[in-house]
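Reader: I am new to this structure and would be grateful for a close look at one part of it. Please take a single helix and describe its surroundings in a connected account.

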Amino acid sequence: MRHPLHASHRALSFVLLAASVSAPAAARAQAPASTVTLPPLKVVDVAMIDTTTRACSNFFQFATGAWLKNDSIPAAYSSSGVGRDMQDRNELVVRSVLEEAARRRSTLPAGSTERKLGTYYASCMDSTAAERQGLSPLRPALARIAAVQSRAALLDEVARLHSQGVNVLFRYRADVDPHDAAHYMTQFFAGGLGLPDRDYYVKEGPAADSLRDAYVGHVTRFFVLAGQPEAAARADARRVLALETELAKAQLTRVARREPSATDHPMALAQLRSLAPNVDWARYFAGSGLSNPGERVNVAEPAFMRRVNELLATVPLQDWRAYLRYHLLDTGGRWLSTPFVQEDFAFSRRFTGARQMLPRWKRCLRSADSQIGEALGQAYVRQTFPPEARARAKQVIDDIRDAFGERVKHLAWMSDSTRAQALAKLGQMGEKVGYPDQWRDYTRLRVAEGPFVLNALNATRFEWERRVNRPGMPVDTTEWEMTVPTVNAYYDASKNEMVFPAGALVPQTFDPNADDGANYGSLGGSWAGHELTHGFDDEGRHYDARGNLRDWWAPADSATFGRQADLVAQQYNGYLQVDTFHVNGKLTLGENIADYGGVLVGYDALQRALERRGRPGLIDGFTPEQRYFIAYAQSYRAHNRPEQLRTRVTTDPHSPEEWRVNGPLGNMPQFAQAFGCKPGDPMVRDPSVVPRIW
């Protein structure tokens, strides 16, 4: 993946976002989108350059330092930079679409996608109704949880909550079969935690203890808001923490999960029943709407599922009821009245550092984009991404593909047998650029005037029902896992494809009118080259041209790759993340390899483009090569709060942006040549420690 706050390069989760700041503030009229304008972005903006810093000393500071000096992170954000700036501009377009749909919804045909979109957004924006309704929209679901008096009823409720996107116990997903990438299969993953990662439950020390105490306080306050007395609420909150701690201790670390074989455990359905006999699987499948799970499933973490089996038999039902109640409140409560909203934000800011909530229109817009985003995509594309921009972007991406192929052909360390397979994988790698050729059908989506939290849960259920019965079916190769306005991109190893939404193909990432040095540095090096290299990073290399998990490497080549990857991990282990915490070189290894490979092949592609179209003169005083590296660095322009960086060191496979720039560029003779850097300069690493992969 390209940016740090999105999911891994297999799939995205569908989540609800935070709600309003307060009833009076949320009820105030929002400024119409048409009255808001933001200055255009440039792929290379020389005004951001810090001329007091030598390029050969700290290139990230050189390329972005003037901007960093004057930037202040808005109170509602955990960071600022290129991603936020692009998103802000995209959201103004999306806002105009949503406001128009909301305004016209009563005149639109019943059941039409546009009417559903307008109703969804309008119900979210109705903060007055949210205040009036309070907890009432969730009371029926809470009553069902309170009525759980047997293990069978507990499982029924787990299945029901899964279908509404509530993260309890474990996770089910109909995902691509790792060994038959043409079909989906039933897969189970670890889940059920309220804190961002299992490490928060198992770490020792005062800071970890303090965070867990804060979590108990947060859960307690949610329970009190839902009507429990303080003492009973705190006792239940401790039950939640104790149960989640047991689940966490049974889970693999994020680093361990990076090895595909660690989560590859296909088994017959009968074996699943033997692994977890206390789970009535037939009952779970029926309750979740899965009519045919198939005779073969994948259990990503068998040890975790065995622990789930034990806990289902031994943990008192009272504890389970508290656990389910909290997770329902955690998922839906953020869209209720002000006290729930404020408590949700107060705890979440420990991990983000945000000082205040986003305006309500942004939160409602992001929920609409997350939940029913393809309903927005067509209108967004019409306003922002004409066919000629798509064609120009595809040309850059195809040049990156050709440049990577040339690198593979000339790798001295790779044997001919592995090389042939690598080139075959590259040749079959798909790409989706801009927007889907086939848009999603929202006929079955249920949206109504009334409590927004129910519309949000129904939208999640729509997505669940769209996917739940996929096991055994052919993989939908037309499907996108990101919405069109998204400022991000991804590589999907199981489909062997790169995907670039239109929202990412606008300035500052890409401008069809910009020079090649700029476009190939940003779209080429830090986006297209990055995503392509994911197909050959420490995870992606385990999948073949068809997306099957298969070892296609000669043993000697695999060993060489491993040694060079270790050099990358060691390099990033030496970088400081925040405070006294260093970057986790193993956790970030795939992204660091992709950054390095991306900037290498982007540079090669630029040279091919310059040969084809000719070299321009200096632009703003810089050569094409210099503009390439400046564009690459400015595409990672970011300013982060320390709270966010502390969270990222545990949960995020991306390194801080400074090291995503200085790390790979310090390994490149091409960079040193472009800026006249000499051995001994901070941006020139000793050749003996420079990794040589792609």
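Author: A definition is needed at the outset: helix axes are lines fitted to C-alpha atoms over the stretch in contact, and the angle between two axes is taken between their N-to-C directions, on a scale from 0 to 180 degrees. It should also be said that the model is a predicted one.

The helix chosen here is α24, which spans residues 589-613. Its partner is helix α27, formed by residues 657-665, and the two axes come within 9 Å of each other, crossing at roughly 55°. Because of that angle, α24 is oblique to α27. The range from 65 to 115 degrees would count as roughly perpendicular, and angles under 35 degrees as roughly parallel. The crossing of α24 past α27 is right-handed.

On the side of α24, the residues that make this contact are Glu591, Asp595, Tyr596 and Val599. They meet Arg660, Pro664 and Leu665 of α27. Sorted by class, the contact of α24 with α27 comprises four nonpolar and three charged residues, with no polar ones.

The interior of the model provides the wider setting. The largest nonpolar core has 195 residues, and Leu665 is one of those that touch the most other members. Phe59, Trp281, Tyr284, Phe629, Phe675 and Trp694 are also in that group. Helix α24 gives the most to this core, with 11 residues. As a general tendency, nonpolar side chains in soluble globular proteins are buried together.

Tryptophan 694 deserves a closer look. Leaving aside residues up to four places away in sequence, its contacts include Ile593 and Leu600. Tryptophan 694 also touches Phe404, Arg407, Val408, Leu411 and Met414, as well as Thr533, Phe536, Trp553 and Phe561.

The loop between α24 and α25 (624-634) contains aspartate 620. Aspartate 620 has a phi near 55°, a positive value in a residue other than glycine. Its relative accessibility is 52%, so aspartate 620 counts as exposed, the cut-off being over 50%.

A further aspartate, residue 579, lies in the loop between β9 (576-578) and β10 (581-582). Phi of aspartate 579 is likewise positive, near 55°. With 42% relative accessibility, however, aspartate 579 counts as partly exposed.

Note on methods. Residues numbered from 1 in each chain as written. Predicted model: local features only at pLDDT ≥ 70, side-chain atom pairs only at ≥ 80, totals over all residues. Heavy atoms only, no water. Helix = DSSP H or I, 4+ residues; strand = E, 2+ residues; numbered from the N terminus. Parallel < 35°, antiparallel > 145°, perpendicular 65-115°, else oblique. Left-handed = near helix turned anticlockwise from the far one by under 90°. Contact = heavy atoms within 4.5 Å. Nonpolar A, V, L, I, M, F, W, Y, C, P; charged D, E, K, R; others polar. Core = buried A, V, L, I, M, F, W, Y, C linked by side-chain atoms within 4.5 Å. Buried < 20%, exposed > 50% of the residue type's maximum accessible area, 1.4 Å probe, protein only.
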